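Reader: Could you take me through one part of this model at close range, the place where two helices pack against each other? I would enjoy a connected account that then moves on to the surroundings.

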Amino acid sequence: MFGKDELNMCQKCNLWLEKVKQLKSLSSKDLFILKNPRRVTAVNYPVRMDNGSIRLVSAFRVQYNDAIGPTKGGIRMHESVDQEEVSELAFLMSLKTALMGLPYGGAKGGIKIDPTNLSEGELERVSRGYVKEMRNIFGPEKDIPAPDVNTDARVMAWMLDEYEQIVGHSAPGMITGKPIILGGSLGRDTSTARGAFFIINEMFGDIKGATVAIQGFGNAGGNLAKFLHQAGFRVVAVSDASGGIYNEKGLNIEAIVANKGTKSGFEKVVSEGSMITNEELLALDVDLLVPAALGGVITKENAGRVKAKKILEVANAPVMSDAEEILDKKGIEIIPDILANAGGVIVSYFEWAQNMQNFYWTEQEVDDRLREKMVSVYTAIKKVQQEEKISVRSASYVLAIARILQAEKLRGRL
């Protein structure tokens, strides 16, 4: 049974697991558990559009591993979402929660639709419909969703309300990333960027003026640019889907944040620097490159042009496996996504914990706890990396997988 891969849902996950297998002895049973999601739910549900027509919406929820605790992971809306992508992200979330020492397993959700083409009413019906379909697997002690690409606190509020109507009682702990008044946590909206910022501070220490290029100027990338600029780092380039802007002397991030339109690109602030493409940004000679948009942006085709000394993966899986081999040979250190962007799930855990005990923390308390968690895990990973003489990603995976397998064995599954 355990030698077969017919149930394997994530080919990219295989590539990373095979690399870990070369470092640590993993049995066929270990690999079967790690390569296959615990539960996959795929649905097509009807949504009434404003013009009266009915549209069938495809959606997924992958609960990859629940050995350590209830599964946790965001819900994204995008027209390209498919089961393979959601499985990969759920796998990464399982590793992330284990690595960060959270009492969670990993999950991910996806709704295959472009929300920018929906009215507010249509978006609400899509959101509520998803919860109706997943009502039996969601719950504060079962599977706890959160925002992801193209979903936000408003969507979480609709989903929470739909769930509470179904179960007939208040259940704020069933979802995180909610508005503050509905039980959300202070500091949640900037938590991914704050967590990444704490790691960068540890990486560079007292070095001021290090140059940084950030691909992706959404919530995570935009807030990280602001935090780095305020701390004395020299953010020389930022970009979004429309393109980017570059100034080797450093950009005025406050001016860009204040003047950049959400859909107009960087034309309003072109006087701050010169326009560049996303591909040009990835090839800049900087101390730190931060891919903070979608995954798969650094490939074997463009990895040879990357000149950054270090890469911090704020996006999920922005560096492809075959590209990483090229970057490793060039001596470029990569801080993997399961560490770099873990601030979001850590503060989601804080939100859930506050909901479960009905006791809420100040923003400073949240920030202090986040810093402590990020720094302690980074320190542990660097220790393993140096002792084993392996990459930061390999050290992160080794630690995370060891914790998952320990939990599986204690439960008698292995």
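Author: Happily! In this predicted model, helix α2 (residues 28-35) packs with helix α14 (residues 392-410) at an angle of about 105°, and their axes are 11 Å apart. That angle makes α2 roughly perpendicular to α14. From α2, the residues that take part are Asp30, Ile33 and Leu34, and they meet Ile401, Ile404, Leu405, Glu408 and Lys409 of α14. Sorted by class, this contact holds 5 nonpolar and 3 charged residues, with no polar ones.

Let us move on to helix α3 (residues 83-99). Its 17 residues should span 24 Å at 1.5 Å a residue, and the end C-alpha atoms are indeed 24 Å apart, so the two values agree. Of those 17 residues, 14 are buried, so α3 is largely enclosed by the rest of the structure. Have a look at both ends as well. At the start of α3, aspartate 82 places a side-chain oxygen within 3.3 Å of the backbone nitrogen of glutamate 84. Just after the helix comes glycine 101, with a positive phi of about 70°.

Helix α5 (residues 153-167) can be read in the same manner. It has 15 residues and reaches 21 Å from its first C-alpha to its last, close to the 21 Å expected at 1.5 Å a residue. Its N-terminal end is capped by aspartate 152, which has a side-chain oxygen 3.2 Å from the backbone nitrogen of arginine 154. After α5 comes glycine 168, whose phi is positive, near 80°. Among the buried residues of α5 are Val155, Trp158, Leu160 and Tyr163, and also Glu162 and Glu164. The buried residues of this helix pack against the strands β3 (71-77), β4 (105-111) and β5 (143-147), and against helix α4 (120-134).

One loop residue deserves a stop before we finish. Asparagine 316 sits in the loop between β11 (310-312) and α10 (321-329). With a relative accessible area of 17%, asparagine 316 falls under the 20% cut-off and therefore counts as buried. Leaving aside residues up to four places away in sequence, asparagine 316 touches Arg76, Leu89, Lys96, Lys108, Asp148, Gly295, Asp337 and Asn341. With asparagine 341 there is also a polar contact between the side chains, at 3.0 Å.

Methods:
Residues numbered from 1 in each chain as written. Heavy atoms only, no water. Helix = DSSP H or I, 4+ residues; strand = E, 2+ residues; numbered from the N terminus. Buried < 20%, exposed > 50% of the residue type's maximum accessible area, 1.4 Å probe, protein only. Polar contact = N/O pair within 3.5 Å; in protein donor to acceptor, adjacent residues only side chain to side chain. Contact = heavy atoms within 4.5 Å. Expected span 1.5 Å × (residues − 1). Axes fitted to C-alpha atoms, helices over the stretch in contact; angles between N-to-C directions. Parallel < 35°, antiparallel > 145°, perpendicular 65-115°, else oblique. Nonpolar A, V, L, I, M, F, W, Y, C, P; charged D, E, K, R; others polar.
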